[in-house]
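Colleague: I am new to reading protein models, and I would like to learn where the descriptive words come from. Could we go through one together?

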Amino acid sequence: MATLDTLKRTLLQKASETEVPSNQPLSDEQYSHAFDIFLKGAGWKTYQEFIIPQLSQLLDPLFHSRLRISILEVGPGPKSVLEHLPDSQKRKITKYAAFEPNKLFASRLEEWFRCTPFPSLEHTPEISRSRFSSGDFYHRTKSSLYDEKFDVIIFCHSMYGMKDKQATIQRAVNMLVQQPGGGLVVVFHRDSLRIQGMASYRTGFFPTGLVSVADSEDTLDCFAQFITGKKTQDGTLRALWRNKCRELGACDTANPGSLLFSAPDVMVAFTRHAPTGSEYSAPAMREQKMVKNRQACVRFPAITLQPTGIAGVQHCVTSALKGGTGLTVVGGGHSGHCLWFNIRSVDMGLFNKVHVVASEDIKVGSFIVAEAGCKTVDIIRKASEAGLTVPLGARPSVGAGLWLQGGIGHLSRLHGLACDSIVGAVVVSADAGKLFSVGYVPEQYRCPEAVQLDDSDLLWAIQGAGTNFGIVTSVTFKAYPAPAYTVRSWRLPFDDLFKARAKLREFDHLIARDLPRTCSADAYLFWDEDRLHIAVTMFETSTATSCVTLIALTRAYKILGPEKSIKTTDSIGVFDAEMYMSEMHGGHGGGKTSSFKRCLFLKDIGQDETANVLIKAIETRPTPLCYLHLLQGGGAIRDVPADATAFGCRDWDFACVITGVWPRDQDGTKEAVAAVRWVYDIAEILLPLSTGAYGADLGPDPRDAALAAKAFGPNLPRLARLKQRWDPRDILAYACPLPTPPKDPRLIILVTGESGAGKDFCADVWRSLFMKDDVAACVSSISEATKRQYATETGADLSRLLEDRAYKEQHREALTAFFQTQVKKRPRLPEEHFLRLVHSAKDAEVLLITGMRDKAPVAAFSHLVPDSRLVEVRVEASEEVRSARRGADKADIKPEDKNGTLDYAPSFNLRNDGEGELLARAFFSTHLQHLVDPDLQSLTEIIRQIPDFPNTDINFRHILGVAQSRGGLKLCTALLQSHYSGDWSQILSIVCVETGGFIFASALAVNVDVPLALIREKGKLPPPVVSVAKEVSHISGASSGKKAGVIRKGGKVVVVDDVLATGNTLCAVLRLLVKVGVEMTDISVIVVAEFPLHKGRELLCREGFGKVNVQSLLAFGGF
């Protein structure tokens, strides 16, 4: 079936050929009849599956932020699509207006509103029976709507008939409210929408939309005139239009007697803040960037920018962040997502330099530094001049998107994927537009402004998913000696498909599997000359230090016969030796064709089920030029552990590239649509048989979702979290999609203590008690990963290490030494183990972690999980009890296992000398159960979030706003009172710091009847006072003082404050208290909210205040 755009062009072309006048507008009745076609059957699915869900999701944040919402709808039809929004959103609509020029629709819309679809409307909706105009015309209309402001303006049923769409949208944007948060203009349009110079806030795409049209003369006449926007009474032209509709449409099997047309739909949303072309420092290209990919060519970007330097790239990112818009990046132009509807495109074409860093020292090695605008052939050509190469892909014109997302080529079996050779990169971060150098980048090619980032996570992510986290400006590759290639080709025709399957099995089992790493064999399946063909191309590489075995060649000759061709070439000439370039279908390389492809990774292609699917795929091809390309894997690709780089799909024999091809002059026709659908159909069938999918081709197209879920193997959860960290605003949303990571547990309890104290037993009891309260909880041991690796390397019995206490005791000393050796090699190993447990606790609200031996673990790890509340429960028992539980004599307990005095204060302590569950249960009721009090969530919801305040990049939480909310202060005070782990009757003073501390401490002091000790900035209290200096942060001032004599020596005090962030204020308070004679063990701290990313607890430990017990009600991420 053809697209509506193609149908429209064809019908208009026929009209121009007949020279019959057809400029009269459609009558209201004709428009109404045609409009109904799009709201029934297949057409209504677009509304059900795309327009309504997208609209609800897009409007949700705006509706949540306001009590009253005003709506202007342009061309709503007989009733508003907003009737399908959730009731919670419809109740927020207090004002509605519309422009509906169709008088039939306007009358029906007014009648519909009598049923009160929006119960909170304050006035009767104003329905203007005129067109929404972008020019001076609106000044001459009687409608006053143009002078009003709206929260949301919606074009729901496409913009057909609006000639100057850009001016129309700009006019609508100017009618948005100007209050903080602004408003939205939302446009849904069938087929492509070209609005130059205006960058959208959000876009969505629904490529599978369909329209079903009854194949009758009257209906087709009406439909054709609606599509063209032209009315004609000429019978000849009408007949021509009907014939073209029948020619381009497909039979609707679900509705016999109807025709189907492809009607992809795009959603574009605009705000007042979206930058225009004049606001960019990078120069805009005069013409749209021409890219290789034909699908990308029809996704018109808002503007294409071509930075001349890194500062220009940074400005593109920062302006996107400021305007809340997205970016796409163009390298080689092969990606179907490098251009996107009304999204600004950054063309890296001027970053086109290649540098060779050669070394004669084999240990040092040689490197290639390639900028992000280079093509594969540019890099190989420059490297070849120095006798070097890089294992890049097999297509000469592909760019950085290939290297950053994998890169499968003829050297992959020998040296690995292209991303495996990346040792460093220079990247502009997507979170703030900052310039970083990661990994090894030769000093002479490292931008002086780049900050050397010691972040192995970012380099890891760039090695296989590098288009998702920032704009990479250059990559440093490890280089290898350039080989010579011998290329042999076979082409075998088959009339018998059974024999074809058998030959494919022989190729896989008897040829490919036994090839040395210096060889790779690709296979092609295609149809030509009325027969199925299997073609094989073998690439043999040789250098001065390698040679090719003859065993594999002998077997190939036996199975495939003599080769059709053989040639010897170099790293440049091998590009032209590809079968598809020269021998398949007469050579695709010089043909004017368009293509669409998706790639899956397969094992055992000769296995019956897989081979049958591959053969059947070619039988069902929709165009003669479609084919399958099987690129051999294994070797060095499989050597790399799945989690060593972001490219996690390693265990495969062949990458199956499903390629739909059609003549370029058939773009948009039913042949092109069928070829794309064939690719997805075959991918869907192969997906269960595959070990993964290739992410380089994938984007936000909803049809890619299932493939993207298998694109990175076991690395997907880690990548999702890195995406949240490095691109939190999702400005690079058009790369291979990564899922939103699951939320970390809201409460993490570190159960620590000596061996034999009963940590695991207590943790299991507490887990069951949380579960009994309908709180999902799980227990994990942080030492399990070490035990697994220890068992692998030493041969110890893993199951006994995990379950048999006596066996574990025998290995405990060796296990400890093994772990310490690992930490010396990888200092961040404890953090890695901790995060792995946290991220694997899916759907758990509470995670209890045992086996942790780190000092002050809450201070050490809380910044890694800033949105989770982290507490430590220290379980202790006497030496006699511990030795009995371990089955050891007291004399066998080593010094490091004996109870000792800690130099820090755990959140809670449990003395566990008793037997049974009574102690653990009582401790849970007293100290742990209230940590998941629903009132904590209520308090969280009261606290407002304000981005970029008081400075840019600070995500400010208005804690003091709690006191401004009805019931907020009372709720917070009650939580502070109940969450304090000590005894209020023993507290002599509540110490508080201005300003936030005064508010919360005062209310708390009233509740617990304890006097206040006020701490203010120096100079604000009358003498005598005690004062200390403090560090300045964006949260607090420079010095503090307190009234002398308010606090007595030997008394216990509780410090109450609104936040714990950097810890500077708290350190100053603690110094004051110590200065007047309060013992650190007599000081407790409780704050409303903690911001762990600032590492305030870590500062307290460094400053010697680790023994002070610190509690917080809430924890928030951000700065």
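Colleague: Which residues in α24 meet which residues in α31?

Modeller: Happy to start there! C762, V765, W766, L769 and F770 in α24 meet A920, R921, F923, F924 and L928 in α31, where contact means heavy atoms within 4.5 Å. By class, that contact has nine nonpolar, no polar and one charged residues. Here Ala, Val, Leu, Ile, Met, Phe, Trp, Tyr, Cys and Pro count as nonpolar, Asp, Glu, Lys and Arg as charged, and the others, Gly among them, as polar. Please keep in mind that this is a predicted model, in which local features need pLDDT of at least 70, side-chain atom pairs count only at pLDDT 80 or more, and totals for chains, interfaces and linings use all residues. Residues are numbered from 1 along each chain as its sequence is written, and side-chain values use heavy atoms, with hydrogens and water left out.

Colleague: Why are α24 and α31 called oblique to each other?

Modeller: Helix α24 (residues 759-772) and helix α31 (residues 918-928) pack at an angle of about 60°, with their axes 10 Å apart. Angles under 35 degrees count as roughly parallel, over 145 as roughly antiparallel, 65 to 115 as roughly perpendicular and the rest as oblique. The angle of about 60° falls in none of the named ranges, and therefore the two helices are oblique.

Colleague: What makes α16 and α17 roughly antiparallel?

Modeller: The axes of helix α16 (residues 497-511) and helix α17 (residues 551-560) cross at roughly 170° and come within 11 Å. That angle lies over 145, so α16 and α17 are roughly antiparallel. Their contact is made by K503, E506, L510 and I511 of α16 and R555, A556, I559 and L560 of α17. These residues divide into five nonpolar, no polar and three charged.

Colleague: Now for the rings. How many aromatic pairs does a search of the whole structure find?

Modeller: The search finds 41 aromatic pairs. Rings of Phe, Tyr and Trp (its six-membered ring) pair if their centres lie within 6.5 Å; planes under 30 degrees apart count as stacked, over 60 as edge-to-face and the rest as tilted.

Colleague: Why is the pair of Y31 and F35 called stacked?

Modeller: The ring centres of Y31 and F35 are 6.3 Å apart and the planes are at 20°, so the pair is stacked. Both residues lie in helix α2 (residues 28-38), four residues apart, about one turn of the helix. Ring pairs also link Y31 and F35 into a cluster with F38, F105, F223, F226 and F261.

Colleague: Which of the words buried and partly exposed fits Y31, and which fits F35?

Modeller: Buried means under 20% relative accessible area, exposed over 50%, partly exposed in between (1.4 Å probe, protein chains only). With 29%, Y31 is partly exposed, whereas F35, at 6%, counts as buried.

Colleague: How do you know that I615 is buried?

Modeller: Its relative accessibility is 0%, so I615 counts as buried. I615 lies in helix α19 (residues 608-619). Leaving aside neighbours within four places in sequence, I615 is in contact with L497, A500, R501, L525 and L532. The C-alpha atoms of I615 and A500 are separated by 7.9 Å, although the two are 115 residues apart along the chain.

Colleague: And what makes D604 partly exposed?

Modeller: At 24% relative accessibility, D604 counts as partly exposed. D604 sits in the loop between β26 (593-602) and α19. Its phi is near 55°, a positive value in a residue other than glycine.

Terms used:
Axes are lines fitted to C-alpha atoms, for helices over the stretch in contact, and angles run from 0 to 180 degrees between N-to-C directions.
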